[in-house]
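Student: I have a structure to work through. Can we take it one question at a time?

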Amino acid sequence: MALGEGTSLRLPTDRMIRWELFCVFAVSLGASALNALLSLVGSLLARQSLSSQQAQLVGPLATNSWLDLALQLASIAEALAPVVLVFYLLARSGEGPRDMGLDATQPGLDTARGAVLAAVIGGAGLGLYLTAFHLGLSLTVVPESLPAVWWRIPVLVLSAAHDGILEEILVIGYLLRRLDQLGWNPWKAIVCSAVLRGSYHLYQGFGAFIGNAVMGLIFGYLYRRWGRVTPLIIAHTLIDTVTFVGYAALHGRVSWIP
């Protein structure tokens, strides 16, 4: 997709784009990557092996059920603030969500692409995690530990949607678009995006870094090919939904889930 197709661009200077990128990721996934790296260092310095330590993804935030629900919803909403910031910054330069292929113009095709991608990436990712875990390269990932209350599954689905929306808009749609505008080589930009994606998963161990970086390479390539971030959001949301809800349903009932 040509940059600014159908829009009148008022792009900031290259220097301001670099500052913009720094600011956006300093308050979002870049900060998460730094914290994840420090968390991994702490895990490596611990006396236990990585596989004997846990990385929890979605857990309770309060002992009172209603307060826990309110905090879960507030946390999900607040964590999407960087997406609003990105939309604002794009609007200032005459761009919008449609310029990254974020719209509902191809619902059937986007859903089909997302579902197929989720099945392939999700299956491969599970295999990689189990391999890394048994090799001692990954912490024991606990996707969720919410109490068995009526809002458990809806919150897990919303958490999965949050992951898909935040990561794909920032790390694919926004970052690759801005790097294009800086004149980066397409594959250099995809590799940068993939390394960032892997980095903020380092708290789960080396296997998570590798798996998510590979996922980033695939998603970056498909974004270049399709010019649309919507199927990637769908795929990511489906992967995490199956992970969260599947763990809630199967943990303790099957032997192959750590």
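Student: How far is the sulfur of Cys 192 from the closest cysteine sulfur?
Tutor: Keep in mind that this is a predicted model. A disulfide needs two cysteine sulfur atoms within 2.5 Å. The closest cysteine sulfur to that of Cys 192 is in Cys 23, too far for a bond. The distance is 16 Å.

Student: How many disulfides does the structure hold?
Tutor: A disulfide is a covalent bond between the sulfur atoms of two cysteines. The sulfur of Cys 23 has its closest cysteine sulfur in Cys 192, and 16 Å is too far for a bond. The number of disulfides in the structure is 0.

Student: Is Cys 23 buried, partly exposed or exposed?
Tutor: Buried means under 20% relative accessible area, and exposed means over 50%. Cys 23 has a relative accessible area of 41%, so the word is partly exposed.

Student: What is the relative accessible area of Cys 192?
Tutor: Cys 192 is classed as partly exposed. Its relative accessible area is 30%.

Student: How many salt bridges does a search of the whole structure find?
Tutor: Side chains of opposite charge can pair when their charged atoms come close. The cut-off between nitrogen and oxygen is 4 Å. With the whole structure searched, the count of salt bridges is 11.

Student: Which residue meets Glu 20 in a salt bridge, and in which helix does that residue lie?
Tutor: The N to O distance in this salt bridge is 2.7 Å, and the partner of Glu 20 is Arg 178. Glu 20 lies in helix H1, residues 14–26. The pair ties together parts that are 158 residues apart in sequence, because Arg 178 lies in helix H6.

Student: Are Glu 20 and Arg 178 buried or exposed?
Tutor: The cut-off for buried is a relative accessible area under 20%. Glu 20 and Arg 178 share one label: buried.

Student: Which residue forms a salt bridge with Arg 177?
Tutor: The closest N and O atoms of this pair are 4.0 Å apart. Arg 177 lies in helix H6, and its partner lies in the loop between helix H4 (81–92) and helix H5 (107–134). Arg 177 is buried at 5% relative accessible area, and the partner is buried at 7%. That partner is Asp 99.

Student: Which residues are linked with Arg 177 and Arg 178 in a network of salt bridges?
Tutor: We have met Arg 178 with Glu 20, and Arg 177 with Asp 99. The network also takes in Glu 95. Linked with the two arginines are Glu 20, Glu 95 and Asp 99.

Student: How many residues apart in sequence are the parts that Arg 197 and Glu 167 tie together?
Tutor: Arg 197 and Glu 167 form a salt bridge, with the closest N and O atoms 3.8 Å apart. Both residues are buried. Arg 197 lies in helix H7 and Glu 167 in helix H6, so the parts they tie together are apart in sequence by 30 residues.

Student: How many aromatic pairs does the structure hold? Is the pair of Trp 66 and Trp 150 stacked, tilted or edge-to-face?
Tutor: The structure holds 5 aromatic pairs. The ring centres of Trp 66 and Trp 150 are 5.9 Å apart. Stacked needs planes under 30 degrees apart, and edge-to-face needs over 60. At 55 degrees between the planes, this pair is tilted.

Student: Why does the pair of Trp 66 and Trp 150 tie together parts that are apart in sequence?
Tutor: Trp 66 is exposed, and Trp 150 is exposed too. Trp 66 lies in helix H3, while Trp 150 lies in the loop between strand E2 and helix H6, so the parts they tie together are separated in sequence by 84 residues.

Student: Which helix supplies the largest share of the nonpolar patch?
Tutor: The patch on the surface is formed by Trp 187, Val 191, Val 195, Leu 217 and Tyr 221, with about 440 Å² of accessible area together. H7 and H8 each supply at least two of its residues. Leu 217, for one, is in helix H8. The largest share is 3 residues, and it comes from H7.

Terms used. Residues are numbered from 1 along each chain as its sequence is written. This is a predicted model: local features need pLDDT of at least 70, side-chain atom pairs count only at pLDDT 80 or more; totals for chains, interfaces and linings use all residues. Side-chain values use heavy atoms; hydrogens and water are left out. Rings of Phe, Tyr and Trp (its six-membered ring) pair if their centres lie within 6.5 Å; planes under 30 degrees apart count as stacked, over 60 as edge-to-face and the rest as tilted. Helices (H or I, at least four residues) and strands (E, at least two) are DSSP runs, numbered from the N terminus. Buried means under 20% relative accessible area, exposed over 50%, partly exposed in between (1.4 Å probe, protein chains only). A salt bridge is a side-chain nitrogen of Lys or Arg within 4 Å of a carboxyl oxygen of Asp or Glu. Patches are made of residues with over 30% relative accessible area and no salt bridge: like charges are joined within 9 Å, nonpolar side chains (Val, Leu, Ile, Met, Phe, Trp, Tyr) within 5 Å. Accessible areas come from the Shrake-Rupley method with a 1.4 Å probe; for residues, only the protein chains shown count as cover.
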